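Biologist: Could you take me through one part of this protein up close, and then show me how it sits in the rest of the chain? Plain talk is fine.

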Amino acid sequence: MMDKWSRYVPPGFGLKRELKFFTAGATCAFVWSLAFFFRLYQARKGLYILEGAEWILSPEAQMPDFVEILDSSLAGFGVVAASAVPWILLHYLYHWQGSRSIYLMRRLPDSWELHRRCLTVPLAAMAVSLAAAAILLLIYFGIYLTAVPKGCLAPGQWQKLWRIFGM
C-alpha cells in the first residue's frame, strides 16, 4: 500500500511520517467529537425531574436543538482538513530544497507530475477528513433522534441541521 502512495509524494519525502501526523490529527478530532455525547447526556438529563426516588419526564420538557448540542464537536475535522493547505506548500517547497528536484520535475514529459506529487496526498487527507465529519454528523444526528423522547423534540430538526453549513 505504501508503494502505491509513495509515487504521489515528492521524491524522497517521508510518506510514513505524513500518515502518522494525519492519523494523529484524525484521532484527536474524533476524540474531540465525543464531547457531543457529554452534551447530549447533560441535555437529556435536564428533561427529567426527581419525584421521590423516581425520575420522570417533565411535562414542559423541551430538548435543545441538535445543532446546539453538536456545537463544535466536529471542528477538529475542519482543522485537520485545513492543515492540508500548509502541507501542500511544504510539498512544493520541498522540491526547492537540497538537490533541487524542481529542475528534474520541470523536465519530465508529464507536466502534471509535480502537481500530482504535491497535491494528491494532502487533498486525499482533506477529503477523508471531511467525509469522516459528514459520516459522524449523520451518525450523531441519528443518535440524537433516537435518544430524545419524541414529545421533547422541537419540530424541524432537519431544516435546522442546515444552519451548520451557514445556509
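**A close look at α5 and its surroundings**

Modeller: Let's begin at the loop between α4 (66–70) and α5 (75–82), where you'll find D71. Keep in mind that this is a predicted model. D71 has a positive phi of about 50 degrees, although it is not a glycine. Most residues other than glycine have a negative phi. At 55% relative accessibility, D71 also counts as exposed.

Past that loop comes α5 itself. Which residues of α5 are buried? They are G76, F77, V80 and A81. These four cover an arc of only 140 degrees around the axis, so they sit on the same side of α5. The general reason for such a pattern is that an α-helix has 3.6 residues a turn, so residues three or four places apart point the same way. What does the buried set lean on? The buried residues of α5 pack against α2 (15–33), α6 (84–94) and α8 (113–147).

Helix α5 has an exposed residue too: V79 is found in this helix, and it counts as exposed because its relative accessibility is 58%, where over 50% is the cut-off. If you want a feel for distances, take V79 and G12: they are 67 residues apart along the chain, and their C-alpha atoms are separated by 27 Å.

Now step over to α6, one of the packing partners of α5. The buried residues of α6 are A84, W87, I88 and H91. Their arc is only 105 degrees around the axis, which puts them on the same side of α6. Look at the other side of α6 and you meet L89 and L93, which are exposed. The buried residues of α6 pack against α2, α5 and α8. That means α2 and α8 turn up as partners for the buried residues of α5 and for those of α6.

Both helices feed into something bigger. The largest nonpolar core has 32 residues, and F36, M63, F66 and Y144 are the ones with the most contacts inside it. The elements that give two or more residues to this core are α2, α3 (35–45), α4, α5, α6 and α8. Helix α8 supplies the largest share, eight residues.

M63 is a handy place to zoom in on that core. Leaving aside its neighbours within four places in sequence, M63 is in contact with L40, A43, R44, L47, I69, Y144, V148 and C152. Two residues in this picture, M63 and Y144, are among those with the most contacts inside the core, and they touch each other.

A43 is worth a stop as well. It is in helix α3, and at 18% relative accessibility A43 counts as buried. Not counting residues up to four places away in sequence, A43 touches M63, P64 and I69. By contrast, A43 and K4 are 39 residues apart in sequence and 47 Å apart in space, C-alpha to C-alpha.

Follow the chain out of α3 and you reach G46, in the loop between α3 and β1. G46 counts as exposed, at 59% relative accessibility. From C-alpha to C-alpha, G46 and K16 are 46 Å apart, with their positions 30 residues apart in sequence.

After that loop come the strands. Strand β1 (residues 48–51) and strand β2 (residues 54–57) run antiparallel and are joined by four bridges. Y48 stands opposite L57 in β2. The two strands form a hairpin with two residues between them, and G52 in the turn has a positive phi of about 70 degrees.

Finally, zoom out. The protein chain has nine helices and two strands, in the order α-α-α-β-β-α-α-α-α-α-α. Its radius of gyration is 23 Å, well over the 15 Å that the globule rule gives for 167 residues, so the chain is more spread out than a compact globule. Along the principal axes, its C-alpha atoms fill a box of roughly 80 × 30 × 25 Å. Buried residues make up 34% of the 167. Among contacts between residues at least 6 apart in sequence, 75% join residues at least 24 apart. The accessible surface comes to about 10500 Å², and 68% of that belongs to carbon and sulfur atoms.

Technical notes:
Residues numbered from 1 in each chain as written. Predicted model: local features only at pLDDT ≥ 70, side-chain atom pairs only at ≥ 80, totals over all residues. Heavy atoms only, no water. Pairing = 2+ DSSP bridges. Buried < 20%, exposed > 50% of the residue type's maximum accessible area, 1.4 Å probe, protein only. Arc of directions from axis to C-beta. Contact = heavy atoms within 4.5 Å. Core = buried A, V, L, I, M, F, W, Y, C linked by side-chain atoms within 4.5 Å. Rg over C-alpha atoms; globule rule 2.2 N^0.38 Å. Areas by Shrake-Rupley, 256 points an atom, 1.4 Å probe, with all protein chains shown as cover.
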